[in-house]
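I opened my notebook to look up how this structure is packed. Here is the model I worked from.

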Amino acid sequence: MTENNVFRQEFLVKGGDFLRAGNVSWEIRNLLREIGMPSSIVLRAAIATYEAELNIIMYAWEGKLHLSVMPGRIHILAEDSGPGIEDIELAMTEGYSTATLEMRELGFGAGMGLANIKKNTDAFVITSEVGRGTRLELTFLTNGQRP
Amino acid sequence: MTNDTHHSVRINLEKCLGCVHCMIACPTKAIRIREGKARIIDELCIDCGECLRFCPEDAVESKTTSVSDLKAVPYKVVIPSTVLYGQFDNATLPNEILFALRRIGFDYVYEISTICELNNSALEMYLNAHPTPRPLISSTCPVVIRLIQRRFPSLCGHIVPIEPPRENAAKILRANLPRIAKVPASSIKIFHITPCPAKMVSINHPASMEKSYLDGAISIRDIFKTIYQTLHQNREETIMSHLFPETIFSGTGVGTALSGGETRGLKSHRTVAVSGVRDTIRALNQAELGLLKDVDLLECTVCPDGCIGGPLTVENRYLAKSRILRLVAMMGERTVVDSSDMNQLYNKDFLSFHFPIKPLESPPLDADPAQAITKAKRRNELFLQLPRKDCGACGAPDCRTLADDIVRGQAALEDCPFVKKEEK
């Protein structure tokens, strides 16, 4: 895979910025559509990206989403500087959430985020360092087969 | 005219000054200024009519049925939208308006509020019978249908497959009028009086049936003056129309002129009513992401406050809204639709779509994904060279769209006046 046929774009996400929540995933969704990705994959990517974006807004100080699109696959790296996750396995559990009351009042923080990302991606890697930040790697295969 | 598309709006090239108002207002970026005139891009237009609202020169025209075209029709039937009832002063009751339409020369005037109520009950039955998917989206606003087809294809299956009241009213008339009025079916033409141009598209290019039951749509703007003048012609007849109310109105049905009109009666379902084109896009995006799974019915109307805010209305929408609310209060909440009739129609699929709504996806940057990636990269590079003033002078609504047009081969970097200056 040469660098020539990879589309890359970076998106900044600010922690606590609920006003713009969803803007980055909306932009990524539209980009993927314009590139002509199949709509079922665009939909999964949009859902997973939205969750990743919201995780940064809710829990981190700031973060970035790096989108790379190449023939056959979409790769999204969400990296944040934030408190990190102590127990990843627990965080992945559906319904488990450390969201504050305020976040829940806004309709966020149902504890489905990471599980939803896993469900919608073809490959999902999560690493975290407490006190430093979290890194999510989302991969979508675009040439038909889901592993 | 060269800019004739299958859309409901057209630019009058003589009146168009080539200013940027419509282009900037367009929520789907479907307008460009080319050779000094606004052009609508067919594949992007959703017929919302925002351009019509914003044009200072009145150069955006709706392609609705003109009143003069009606003369040749042997048997003219009209179904006015309930929005029409809010366009006159408080003293003018719906009965008088219907009466005036008869005097103008319509052979048959059909009052739609009962069918609107019928539609609401059908929606409720559909919701009860179909626990998934959620949210379901009502089908009344034709622009919402276009938006979903073009921008939210995955939501096509969420649209409640029940035809909107105007279509079902026309269908009922077609089935019964030849017998009742003793006229051959072929000489009957049915027209809707509409607050928006989009109804014309749903008539000419229906998304859920082969052929619409309606023959045309007349703009409220076009027919308002004639009705107004007729209203004040004969006071005696007006009094008679009060004394002999021929029509049974449904308060619930009249209320569908306003946003929330379809959801208000649904007591046992969770509903959300959204109005305005930008908020509708936002809500559909949330629905697509699965964030509205706890909502049973999502009612979206792209005009502000619902159909009452349509671009072809004449009255200030706040006044019009207050009048509709007053009528709803006057007519009360009592149901006029017989529930067993309703059940029969529903079970016979009389009210349903003929076929499901299919996605109509807009073309990607390139049919070949590798090429599309190259073009997307090129577009980002181009965007960095542009001033990001979004001035519209190049003929595109903003710098990002210009970059997009360039990679699609429809514009050149030199179209930007700022880029030129720097190069010189």
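My entries on cores and one helix follow.

I note that this is a predicted model, where local features need pLDDT of at least 70, side-chain atom pairs count only at pLDDT 80 or more, and totals for chains, interfaces and linings use all residues. Residues are numbered from 1 along each chain as its sequence is written, and chains are lettered from A and ligands numbered from 1 in the order in which they are written.

**Entry: cores.** I looked up the largest nonpolar core (buried Ala, Val, Leu, Ile, Met, Phe, Trp, Tyr and Cys residues joined through C-beta atoms within 7 Å). A residue is buried with 20 or more other C-beta atoms within 10 Å of its own, exposed with 12 or fewer, and partly exposed in between; C-beta atoms are placed from the backbone. This core has 101 residues, and B:Val77, B:Ile190, B:Leu284 and B:Ile324 touch the most other members. Helix 4 (residues 113–129) of chain B gives the largest share, six residues. I read helices (H or I, at least four residues) and strands (E, at least two) as DSSP runs, numbered from the N terminus.

**Entry: B:Met125.** I found B:Met125 in helix 4 of chain B. Is B:Met125 buried or exposed? It is partly exposed, because 17 other C-beta atoms lie within 10 Å. Its C-alpha atom is 9.7 Å from that of B:Met342, 217 residues apart along the chain.

**Entry: helix 1 of chain A.** I listed its buried residues, including A:Val24, A:Ile28 and A:Leu32. After this helix comes A:Gly36, with a positive phi near 90°.
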